[in-house]
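Colleague: I would like a close look at one part of this model, with its surroundings described afterwards. Please take it step by step, as I am new to reading structures.

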Amino acid sequence: MISVQNHQLRLSGNKIALAVALALSLASCTTKKIGVLRSPSQRGEQGAASNNSGITTAEQAEEAKKLEAAKASENLKSQKSIALLLPFQLNHIGGMQPTAEDIKRSALALDFYQGFQLGLEELGEKGSKFNLQVIDSEDDNYRNTSLATSSSVKNANLIVGPIYPKEIRAFSRAIQDKNTLQISPLAATLASEFEVSNLVSLTPSIRVHSELMAKYVAKQFALGDVVLVYDIQDADSKQFLDSFMSEALGYNKDLQIKVVNSIAELNDNLVATGNNHIVCGTTNRNQIRTLLANMDVQTTEFGYGFKLYGHPNWAKLSFEDYMYMDRYELTLTTSTLVDERAEKTRKFDYNYKTKFQVAASDFSYKGYDAAIYFGGLLSKYGTDYVQYLVKESYSGISNDFSFDYFPKWGYVNRGIRFIVYRNNSFVRK
């Protein structure tokens with residue numbers, strides 16, 4: 001069961017209808033301070049009335065209020081309360097008819113929320129109960145600073161969001177409870193840049209991709225092979241390849257590995273006795289095209305064998321025009337991969353389309369996976385769920401979660417999947 005304070009969001013129809021419904025539903029979900037009306041006697045004569053113990057009636061009332069508030073807070077905690085802070089930015093919608101820009105601005109948050117909602121509902125069907133607070137973070141620093149001290153956040157067992165780096169920084173600086181986990185759903189920024197001990201970074205950084213690829217390549221190496229790190233020294237190459245050689249040698253000290261900076265230098269170091277493992281970090285299409293064309297020549301005219309490893313963003317590129325791609329076994333790392341044929345994917349897609357009348361997006365899958373994993377831990381272990389984060393991994397529709405903990409900057413996800421290019425598409429290795 002899910003209870004959403006104060007109204008559950010019911011979203012259907014096209015994106016415009018969704019945004020209108022969202023605006024109406026979330027209007028009462030933001031945190032507000034409500035003043036207490038007192039009678040004239042309470043305002044003007046608070047010190048007059050007292051009981052036999054010397055405590056005034058006003059003091060008794062105040063004490064009762066504090067006890068009631070503490071009890072309410074404790075009740076919320078026991079209900080497995082989740083605060084979901086997403087940048088719907090409803091404050092920018094001027095009227096009842098959102099513009100295309102309004103829809104675009106809210107789409108990411110809306111899709112993530114809807115996937116998250118379906119995940120909690122699925123857990124609810126199995127007996128789990130959650131109190132979900134849906135809050136518009138507005139992508140605003142001041143707003144996030146204020147939300148960090150709100151009752152909705154203070155009473156939460158789990159905080160999901162904010163999303164953007166500047167929001168995360170503003171929110172984490174203001175929040176007082178450093179024991180409640182703060183989930184960063186999308187930001188790929190290095191966790192070390194935030195230095196928030198209770199932050200959980202769901203998106204693996206490019207450094208994690210590089211480290212795990214280095215380990216993988218080291219395992220593929222055999223006697224007679226060579227590993228050539230093709231570094232054209234652009235920004236993407238620097239990020240992905242900066243420590244690749246040292247990482248790979250750390251896993252296999254027998255590696256024959258060298259960094260090369262040009263096609264000519266690469267060709268000078270090819271070996272005919274084994275495989276040439278080419279690791280490339282650029283995402284520049286012209287540079288990639290040049291590399292592949294050279295590999296084709298070296299393969300067809302001189303008989304060299306290649307295995308190719310690329311930057312994670314290569315998954316967005318098309319390689320249909322390259323005849324020998326399957327021969328190179330192009331391997332990438334990815335933190336998201338949706339198998340549309342898998343039963344759990346098809347079930348989620350059907351439920352999502354039925355409920356919201358729109359197709360699921362990558363952000364919908366991310367929201368669902370986050371709900372299933374963290375909601376599942378919270379339901380299973382209660383407030384002790386934090387200690388199980390590094391013990392229990394998860395493989396979902398789109399994401400894998402496997403966390404390492406660093407006292408200075410929190411929990412870092414190392415859930416990476418390897419994909420290989422076969423028959424004009426990438427498949428899980």
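In the hairpin of β16 and β17, which residue takes a positive phi, and how many residues lie between the strands?

Modeller: The residue is Asn423, with a positive phi near 50°. There are two residues between the strands of this hairpin. Keep in mind that the model is predicted.

Start with the strands themselves. β16 covers residues 417-422, and four bridges join it to β17. The two strands run antiparallel. One position to find on screen is Ile419, which stands opposite Arg428 in β17. When you follow either strand, a general rule helps: side chains in a regular strand alternate between the two faces of the sheet.

The hairpin also takes part in a group of rings. Ring pairs link Tyr421 and Phe426 with Trp314, Phe319 and Tyr322 into a cluster. By number, Tyr421 falls within β16, and Phe426 falls within β17, residues 425-428.

β17 leads on to the largest pocket, because that strand is one of the elements that supply at least two residues each to the pocket lining. The others are α9 (206-220), α10 (235-241), β11 (331-334) and α16. The largest pocket has a volume of about 1200 Å³. It is lined by 36 residues, and the closest to its centre are His209, Pro312, Asn313, Lys316 and Ser335. Sorted by class, the lining of the pocket has 14 nonpolar, 15 polar and seven charged residues.

Ser335 also appears in the lining of a closed space. In general, rolling a probe the size of a water molecule over the atoms shows where empty space is left. A search of the whole structure for cavities of 30 Å³ or more finds one. This largest cavity has a volume of about 60 Å³. Besides Ser335, its lining includes Phe112, Pro185, Leu202, Lys366 and Phe401. The class count for this lining is five nonpolar, four polar and one charged.

Now return to the rings, since the cluster at the hairpin is part of a wider set. The structure holds 25 aromatic pairs. One of them joins Phe348 and Tyr352, whose ring centres are 5.5 Å apart and whose planes meet at 40°, so the pair is tilted. Both residues belong to helix α15 (residues 343-356), where they are four residues apart, about one turn of the helix. Phe348 has a relative accessible area of 4% and Tyr352 has 0%; the cut-off for buried is under 20%, so both count as buried.

A second pair, Phe374 with Phe403, is also tilted, because the planes stand at 50°; the ring centres are 6.2 Å apart. Here the partners come from separate elements: Phe374 lies in helix α16 (residues 362-381) and Phe403 in strand β14 (residues 403-406), so the contact ties together parts that are 29 residues apart in sequence. Phe374, at 1% relative accessibility, is buried, and Phe403 is buried at 4%. Note that α16 is the helix already met in the pocket lining.

A ring can also have a charge as its neighbour. The charged end of Lys391 sits over the ring of Tyr388, 5.1 Å from the centre of that ring.

Conventions. Residues numbered from 1 in each chain as written. Predicted model: local features only at pLDDT ≥ 70, side-chain atom pairs only at ≥ 80, totals over all residues. Heavy atoms only, no water. 1 Å grid on protein atoms, 1.4 Å probe; cavity = no way out; pocket = protein on both sides within 12 Å on 5 of 7 lines; lining within 4 Å. Points joined across faces, edges and corners; volume = space filled by probe spheres on them. Nonpolar A, V, L, I, M, F, W, Y, C, P; charged D, E, K, R; others polar. Phe/Tyr/Trp six-rings, centres within 6.5 Å; stacked < 30°, edge-to-face > 60°. Buried < 20%, exposed > 50% of the residue type's maximum accessible area, 1.4 Å probe, protein only. Lys NZ or Arg CZ within 6 Å of the ring centre and 35° of its normal. Pairing = 2+ DSSP bridges.
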